[in-house]
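Colleague: Before I plan anything around this model, I would like to hear how each label attached to it is justified. Could we take the terms in turn and set every value against its rule?

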Amino acid sequence: MSATPVAHHFDDADQQFYAAQLGMWIFLATEVLFFGGLFAGYAQYRYWYPEAFAAGSGHLDLVLGTLNTTVLLGSSLAMALAVRAAQTSHTRELVRLLIATIALGTVFLGVKAYEYYHKWHEHLIPGQSFQLEGEHAGVAEGPVELFFSFYFAMTGVHALHMVIGIAILGTLVVRARRGEFHGDYFTPVEMTGLYWHLVDIVWVFLFPFLYLIG
Amino acid sequence: MSSHIVQKRVYYQVFGALLVLLFLTVAATAIEDPTWGVVAAVTIAVVKATLIVLFFMHLAYSAPVVRIFACSAFVWLFFLFIFTASDYLTR
């Protein structure tokens, strides 16, 4: 196991790790506000158009949404266990758990892609071809299209974060296999874990607000 | 490295709790009153997020400075919601 090189401006490896941890949380704070802006917009329009948002929500597949939430929570468990495996210098277990996290994340994205395809088929993508079918007594189409604008913007940007996370996890698998991570140095694994968990938390809020209205 | 190593059992228990809360989230759609429905959904989501932050993200075992910065994210989020809402509500 190689000793971690400590950059000259740190007292020791511990301080270097805590600096990385603090820096990562500051970045996550910006992410919270980034998604927060979308949630704030959503909250305002839902307050103004409750029936339209409920009608839009009714078009989302509750079973797939619940399944996806379970899959993502599972991927967070795998990620947390992966960090622990790195901490305890269990390289093979670390690699397996990182791959499991990637696999579950990919399943999530696959389900999302299927949902998006379905929405395209049902003419529910905002734009020229948006058309609300079925009976929705007294609900204007405009606000429902607005709901779907929020749906695609929020889940789309969330999915983009997942893709980036999966790519980073891929690089971690390569590095882990080379034996780069162990009890004395596992910072990249811990940082990626923090990022992944935050993306999971975003979905924990997205799911009830988009799928479970009314 | 002196970072705290969390027992696997804790991770599994948190995961179990998250699944139970997910079940409750879906069950809460049965609440008739829309306001209480939103309150229930937000409350359950906040509990889930808190569990993830404390245990999966190790905030329960992190240095005080890190915890302050993490909380500040949600303080600013709170500002965002409060000031946006109060603008619209007072028009």
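**Cavity, interface and charge pairs**

Modeller: By class, the residues lining the largest cavity divide into 3 nonpolar, 6 polar and 1 charged, where Ala, Val, Leu, Ile, Met, Phe, Trp, Tyr, Cys and Pro count as nonpolar, Asp, Glu, Lys and Arg as charged, and the others, Gly among them, as polar. This is a predicted model, in which local features need pLDDT of at least 70 and side-chain atom pairs count only at pLDDT 80 or more, while totals for chains, interfaces and linings use all residues. Residues are numbered from 1 along each chain as its sequence is written, chains are lettered from A in the order in which they are written, and side-chain values use heavy atoms, with hydrogens and water left out.

Colleague: What makes this space a cavity, and which residues line the largest cavity?

Modeller: On a 1 Å grid over the protein atoms alone, a cavity is a set of points where a 1.4 Å probe fits but cannot get out, and lining residues have an atom within 4 Å of a point. The search of the whole structure finds 1 cavity of 30 Å³ or more, and the largest cavity holds about 80 Å³, a volume being the space filled by probe spheres set on the points, which are joined across faces, edges and corners. The lining residues are A:Phe17, A:Tyr18, A:Gln21, A:Gln87, A:Glu190, B:Ser3, B:His4, B:His58, B:Tyr61 and B:Ser62.

Colleague: How do you know that chain A and chain B are in contact?

Modeller: Contact means heavy atoms within 4.5 Å, and 52 residues of chain A are in contact with 44 residues of chain B. The area buried between the two chains, that is, the accessible area (1.4 Å probe) lost on putting them together, summed over both, is about 4,200 Å², with 78% given by carbon and sulfur atoms. In chain A, the residues that lose the most area to chain B are A:Trp25, A:Leu73 and A:Arg84, together 15% of what that side buries.

Colleague: Why are B:Lys8 and A:Glu93 called a salt bridge?

Modeller: The rule asks for a side-chain nitrogen of Lys or Arg within 4 Å of a carboxyl oxygen of Asp or Glu, and the side chains of B:Lys8 and A:Glu93 meet at 2.8 Å, N to O, so the pair satisfies it. B:Lys8 lies in helix H1 (residues 8-27) of chain B and A:Glu93 in helix H4 (residues 91-121) of chain A, so the pair joins two chains. Across this interface the rule finds 1 salt bridge.

How values were computed
On a 1 Å grid over the protein atoms alone, a cavity is a set of points where a 1.4 Å probe fits but cannot get out, and a pocket is an open set with protein on both sides within 12 Å along at least five of seven lines; lining residues have an atom within 4 Å of a point. Helices (H or I, at least four residues) and strands (E, at least two) are DSSP runs, numbered from the N terminus.
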